[in-house]
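Work through the following exercises with the structure in view, trying each task yourself before reading its solution.

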Amino acid sequence: MIPMHSPERICSNRKASIFLTFCGIIIVLITFKEHESQISYWHRLINFQPIETKVGYVTVKSFRGRLGNQMFEFAVLFYVARQTNREVVLFNDHNAHQLEEYFSLGVRKVNKSCPCFLFNEKSLAYDFRIENSTRSENATNSQTILLYGFFQSWKYIEPVEHSIRTHLKFRNGIEVFARDILRQAIPNGWIEGRFIRVGIHSRRGDSLAMKHITNGYPTATESYFKKAMKYFADRYKLVQFIVASDDTNWAREHITYDSQSSSINVTYFSNHSPGQDMAILSLCDHAIISVGTYGWMSAWLANGTTIYYSKTHGNESIFVKRLNRPDYYPPHWIPME
């Protein structure tokens with residue numbers, strides 16, 4: 001038997017200690033490597049955005065309405081594309097004339113490609129069925145997904161906002177025109193960058209048609225615009241209001257600022273195309289809008305503080321029953337009557 005404190009015993013204990021320490025270091029390194037691998041895995045998973053491997057197309061069955069409507073219909077495609085790993089395309093026979101006239105969309109145009117899976121929107125609200133229906137077995141069998149509806153909800157847009165803004169870029173000529181117009185409209189003595197612009201869109205024309213009045217379609221009032229303008233005038237030293245409307249004469253008479261202060265300027269534009277006016281409004285810092293998708297999209301492009309007209313004509317009107325306000329207006333936009 002080797003004595004406890006003999007040189008042989010001490011040497012043996014040291015070897016064992018070194019071996020155990022070495023094993024411990026190896027275990028720590030392996031554990032750290034596995035932990036690091038897990039972190040990397042979750043990082044990749046969270047930030048995963050499929051780019052190359054697409055399983056098919058997603059597009060609209062057909063575009064409905066005018067520019068604002070078409071922009072909503074185009075935007076929802078990116079929401080479904082992200083869910084289903086599909087490529088957003090337009091068919092060569094799509095009637096997206098205004099959309100393509102004013103925007104460089106940056107998506108491919110292809111011949112109609114079927115078999116197709118058709119998703120019909122149920123109502124003017126966020127349609128929860130879209131989350132499961134577009135991932136169903138029928139849809140995932142490499143079929144082209146066709147969307148049919150208006151899809152007018154911020155809930156489709158917010159998750160893919162960056163992608164939508166990347167693709168909804170005004171054509172160069174439209175943007176240059178808008179910037180030149182705003183530069184020429186700078187009030188005397190004011191310096192670019194030292195004042196804010198607030199775009200105002202007033203929709204009246206078709207909203208005053210008898211069928212819209214009967215359905216309870218609201219038309220923004222003079223008092224609303226004055227109250228909304230005061231909101232910004234109270235918060236900023238120099239404010240230029242840029243007014244675009246389909247009824248310029250009414251706007252010049254009613255969308256005014258009572259104060260004669262030199263810190264407030266109201267400028268009116270007319271005789272522009274829908275794309276030109278929207279480009280001008282999109283370059284403003286903030287927005288005041290009446291009703292309709294054109295004003296909504298103009299405000300969204302501006303991406304600042306937005307005030308919208310919230311008054312309705314009774315809870316029983318067709319307009320109120322059809323429109324789901326919490327789904328339509330982003331929660332950070334400001335309602336005002």
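**Exercise 1.** In what order do the 6 strands of the open sheet that contains β10 and β13 stand, and is the pairing parallel or antiparallel?

Solution. Before starting, note that this is a predicted model, in which local features need pLDDT of at least 70 and side-chain atom pairs count only at pLDDT 80 or more, while totals for chains, interfaces and linings use all residues. Residues are numbered from 1 along each chain as its sequence is written, and side-chain values use heavy atoms, with hydrogens and water left out.

Step one is to identify the strands, which are DSSP runs of E with at least two residues, just as helices are runs of H or I with at least four, both numbered from the N terminus. Step two is to find the pairs, where two strands pair if DSSP finds at least two bridges between them. The order that results is β10-β9-β8-β11-β12-β13, and the pairing is parallel. At the edges stand β10 (264–269) and β13 (334–336), each of which pairs on one side only. From one strand to the next the twist averages 20 degrees, where axes are lines fitted to C-alpha atoms, for helices over the stretch in contact, and angles run from 0 to 180 degrees between N-to-C directions.

**Exercise 2.** Find the helices α12 and α13 and state which strands each touches.

Solution. Take contact to mean heavy atoms within 4.5 Å. Helix α12 (residues 274–282) packs on the sheet and touches β8, β9 and β10, with a direction at about 160 degrees to that of β9. Helix α13 also packs on the sheet, touching β8, β11 and β12, and its direction makes about 170 degrees with that of β11.

**Exercise 3.** Describe the other open sheet, which has 5 strands, and explain why β4 and β5 each have one side without a neighbour in the sheet.

Solution. Begin with the order, which is β4-β2-β1-β6-β5, again with parallel pairing. Because β4 (108–110) and β5 (116–120) stand at the edges, each has a single partner strand, and one side of each is left without a neighbour in the sheet. Here the twist averages 35 degrees from one strand to the next. Next look at β5, which is joined by 5 bridges to the parallel strand β6 (residues 144–148); within this pair, Phe-117 has Ile-145 of β6 as its bridge partner.

**Exercise 4.** Which two cysteines form the disulfide, and why is it left-handed?

Solution. A disulfide is counted when a pair of cysteine sulfur atoms lies within 2.5 Å. The structure holds 1 disulfide, and it joins Cys-114 to Cys-116, with an S to S distance of 1.9 Å. The torsion about this S-S bond is about -90 degrees, so the disulfide is left-handed. Now consider Pro-115, which lies in the loop between β4 and β5: a cis peptide bond joins Cys-114 to Pro-115, with omega about 25 degrees. As background, most peptide bonds are trans.

**Exercise 5.** Where do Asn-85 and Asn-303 lie, and what are their phi values?

Solution. Asn-85 lies in the loop between α2 and β2, and its phi is near 55 degrees, a positive value in a residue other than glycine. Asn-303, in the loop between α13 and β12 (306–309), has a positive phi of about 65 degrees although it is not a glycine.

**Exercise 6.** Which classes of residue make up the lining of the largest cavity?

Solution. For the classes, Ala, Val, Leu, Ile, Met, Phe, Trp, Tyr, Cys and Pro count as nonpolar, Asp, Glu, Lys and Arg as charged, and the others, Gly among them, as polar. The lining has 7 nonpolar, 5 polar and no charged residues.
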